[in-house]
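Me: I have a new model open on my screen and I'd like to learn how to read it. Can you walk me through it, one feature at a time?

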Amino acid sequence: MPIIINLDQVLADRNMKSKELAEIIDITEANLSILKSGKAKAVRFSTLEAICEALECQPGDLIAYIKE
């Protein structure tokens with residue numbers, strides 16, 4: 001898939017664990033794991049906004065497009 005999720009890297013850069021982010025943005029760790037793995041079929045803008053707010057980043061820091 002040409003869409004790459006860089007959430008693991010951004011979390012590492014912020015010294016934050018997935019569990020902590022899940023609590024902050026009020027989603028389950030399982031749903032966050034699906035998003036991090038790139039297996040999610042979609043992401044709500046409200047979830048993306050919450051992640052960006054919690055991690056103080058831009059959507060482009062989390063999502064990249066790599067042409068196949």
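Reply: Sure. Let's start with what counts as an element: helices are DSSP runs of H or I with at least four residues, strands are runs of E with at least two, and both are numbered from the N terminus. By that rule, glutamate 53 lies in helix 4. Keep in mind that this is a predicted model.

Me: OK, so how many helices and strands does the chain have, and in what order do they run?

Reply: There are 5 helices and 2 strands. Starting at the N terminus, the order is β-α-α-α-α-α-β, so a strand opens the series and a strand closes it.

Me: What does the radius of gyration tell me about the chain?

Reply: The idea is to hold the value against what a compact globule with this many residues would give. For 68 residues that would be near 11 Å, and the chain has 11 Å, so the two agree. For the outline, the C-alpha atoms fill a box of roughly 35 × 20 × 20 Å along the principal axes.

Me: And how much of the chain is buried?

Reply: You need the cut-offs here: buried is under 20% relative accessible area, exposed is over 50%, and partly exposed is in between. On that scale, 25% of the 68 residues are buried. As for the surface, the chain exposes about 5000 Å², with carbon and sulfur atoms supplying 51% of that.

Me: What share of the contacts join residues at least 24 apart?

Reply: Take the contacts between residues at least 6 apart in sequence: 66% of them join residues at least 24 apart.

Me: Let's zoom in. Which residues of helix 2 are buried?

Reply: When you read a helix, list its buried residues and then check where they point. Helix 2 covers residues 18-25, and its buried residues are Leu21, Ala22 and Ile25. They span an arc of only 100° around the axis, which is why they end up on the same side of helix 2. Those buried residues pack against helix 1 (7-13), helix 3 (29-37) and helix 4 (45-55). Lysine 19 is also found in helix 2, but at 47% relative accessibility it counts as partly exposed.

Me: Can we do that again with helix 4? Which of its residues are buried, and which exposed ones sit on the face turned away?

Reply: Good one to practise on. Thr47, Leu48, Ile51, Cys52 and Leu55 are buried in helix 4. Their arc around the axis is only 135°, so they too lie on one side of helix 4. The face turned away from that buried side carries the exposed residues Phe45, Glu49 and Glu53. For glutamate 53, the relative accessibility is 62%.

Me: What do the buried residues of helix 4 pack against?

Reply: Their partners are helix 1, helix 2, helix 3, helix 5 and strand 2 (63-65).

Me: Now backbone angles. Which residues have a positive phi?

Reply: Look for the sign of phi, then see where the residue sits. Among them is asparagine 15, with phi near 55°, a positive value in a residue other than glycine. Asparagine 15 is in the loop between helix 1 and helix 2, and it is exposed at 72% relative accessible area. Next comes aspartate 26, which follows helix 2 and has a positive phi near 60°. Then there's glutamate 56, where phi is near 50°. Glutamate 56 comes just after helix 4, in the loop between helix 4 and helix 5 (59-62), and is exposed with a relative accessible area of 71%.

Me: How far apart in space are residues that are separated in sequence, say lysine 67 and glutamate 56?

Reply: Compare the two separations side by side. Lysine 67 and glutamate 56 are 11 residues apart in sequence and 27 Å apart in space, C-alpha to C-alpha. Lysine 67 is in the segment after strand 2 and is exposed, at 70% relative accessibility. For lysine 19 and lysine 36, the figures are 17 residues in sequence and 12 Å in space. Glutamate 53 and isoleucine 27 are 26 residues apart in sequence and 14 Å apart in space.

Me: Last one: how many charged side chains are there, positive and negative?

Reply: The chain has 8 positive and 11 negative side chains. The centres of the two sets are 9 Å apart.

Note on methods: Residues numbered from 1 in each chain as written. Predicted model: local features only at pLDDT ≥ 70, side-chain atom pairs only at ≥ 80, totals over all residues. Heavy atoms only, no water. Rg over C-alpha atoms; globule rule 2.2 N^0.38 Å. Buried < 20%, exposed > 50% of the residue type's maximum accessible area, 1.4 Å probe, protein only. Contact = heavy atoms within 4.5 Å. Areas by Shrake-Rupley, 256 points an atom, 1.4 Å probe, with all protein chains shown as cover. Lys, Arg positive; Asp, Glu negative; His and termini not counted. Charge placed at Lys NZ, Arg CZ, Asp CG, Glu CD. Arc of directions from axis to C-beta.
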